[in-house]
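Me: Please take a close look at a single strand of this structure and describe how that strand is placed among its neighbours.

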Amino acid sequence: MLVTGSDILVPARAGKYGVASFNTNNMEITQAIIHTAERLRSPVLVQMSEGAIKYGGQDLANIVKDLASRASVPVALHLDHGSSYASALKAIRMGFTSVMIDASHHAFDENVAETRKVVEAAHAMGVSVEAELGRLGGIEEHIVVDEKDAFLTDPQEAVQFVEGTGVDYLAIAIGTSHGAYKGKGRPFIDQERIQKIGGLLGIPLVAHGSSGVPAEIVQRFRDAGGEIGDAAGIADEDLELACQHGIAKVNVDTDLRLASTVGVREALKANPKEFDPRKIFGAARDVMTQVIEHKLRVLGSVGKA
């Protein structure tokens with residue numbers, strides 16, 4: 001069933017489990033996400049970035065909405081990193097049930113004003129809103145933040161921000177970062193900061209840049225001919241703990257990109273003569289399904305729908 005983000009995330013926050021929000025760019029990714037969530041009885045969010053909207057447009061949004069409306073578990077269609085009021089309104093017109101306005105690169109007061117403007121419009125249409133306070137490092141789509149420009153979310157500012165905007169859920173900077181390179185070894189996650197913000201705010205909190213970048217998938221990528229550096233992701237244990245203290249929405253993109261590419265590369269390596277797209281992209285869907293199931297189990301959302 002197609003629902004709002006709040007319909008999914010408010011119960012998650014209360015129940016101390018996380019819900020994955022996976023990025024999609026095509027039918028196979030969308031099928032892997034929703035079919036796996038349905039099989040495991042898990043709520044889930046499917047999100048499209050502005051890049052995905054440019055690539056797939058209304059056609060891709062319609063695929064998500066159709067699969068979601070026929071699913072027996074709650075599914076929300078979410079705009080990831082909306083860059084403006086206009087972008088958020090466009091997504092709402094396309095049928096999104098949840099939108100993010102990311103004005104975190106602005107000064108605090110401007111971020112509040114821009115977010116409040118989106119909240120007022122979205123709430124009038126029954127759509128829930130995510131915003132961001134603080135800046136994550138790394139690269140994702142059009143989001144590029146150098147380490148020197150990244151900073152963690154201040155707990156007291158978070159309270160002021162939520163009071164001033166009426167936002168439904170808040171993405172906080174806690175040490176995660178976008179992309180496949182999140183640092184050397186195990187990235188540091190500021191669990192103390194999560195607990196403090198979670199204690200001050202009752203709304204669902206959001207962790208961006210939370211792909212695990214599994215070592216097995218990275219190795220399979222290399223074995224199939226891919227080239228990738230010292231990729232590192234967020235540890236499962238860190239996400240499990242974070243969900244106990246307020247993190248309810250966990251964004252995952254890189255893991256599915258890697259898994260999809262592994263499936264394609266392995267299929268073509270095993271049979272260089274293959275040109276049936278069903279056998280190529282179907283293999284990608286199978287590998288993504290494995291990664292999605294693992295993430296849903298880590299976050300504790302299995303059986304919650």
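**Strand E8 in its setting**

Reply: In this predicted model, Tyr169 and Ala171 of strand E8 point one way, while Leu170 and Ile172 point the other way. Each of these four residues is buried, that is, under 20% relative accessible area. Such a pattern has a general background: in a regular strand, side chains alternate between the two faces of the sheet.

On one side, E8 (residues 169-172) pairs with strand E5 (residues 128-133) through four bridges, in the parallel sense. Within this pairing, Ile172 of E8 is the bridge partner of Leu133. E8 is also joined to strand E10 (residues 205-207), here by two bridges and again in parallel. In that pairing Ala171 has Val206 of E10 as its bridge partner. As a general matter, strands of a sheet pair through backbone hydrogen bonds, either parallel or antiparallel.

These two pairings belong to a wider arrangement. Eight strands close into a barrel with parallel pairing, in the order E1-E2-E3-E4-E5-E8-E10-E11, so that E8 stands between E5 and E10. From one strand to the next, the twist averages 25 degrees.

Elsewhere in the barrel, helix H11 (residues 277-299) lies across strands E1 (19-23) and E11 (247-252), and runs at about 150 degrees to E1.

Conventions:
Residues numbered from 1 in each chain as written. Predicted model: local features only at pLDDT ≥ 70, side-chain atom pairs only at ≥ 80, totals over all residues. Heavy atoms only, no water. Axes fitted to C-alpha atoms, helices over the stretch in contact; angles between N-to-C directions. Contact = heavy atoms within 4.5 Å. Buried < 20%, exposed > 50% of the residue type's maximum accessible area, 1.4 Å probe, protein only.
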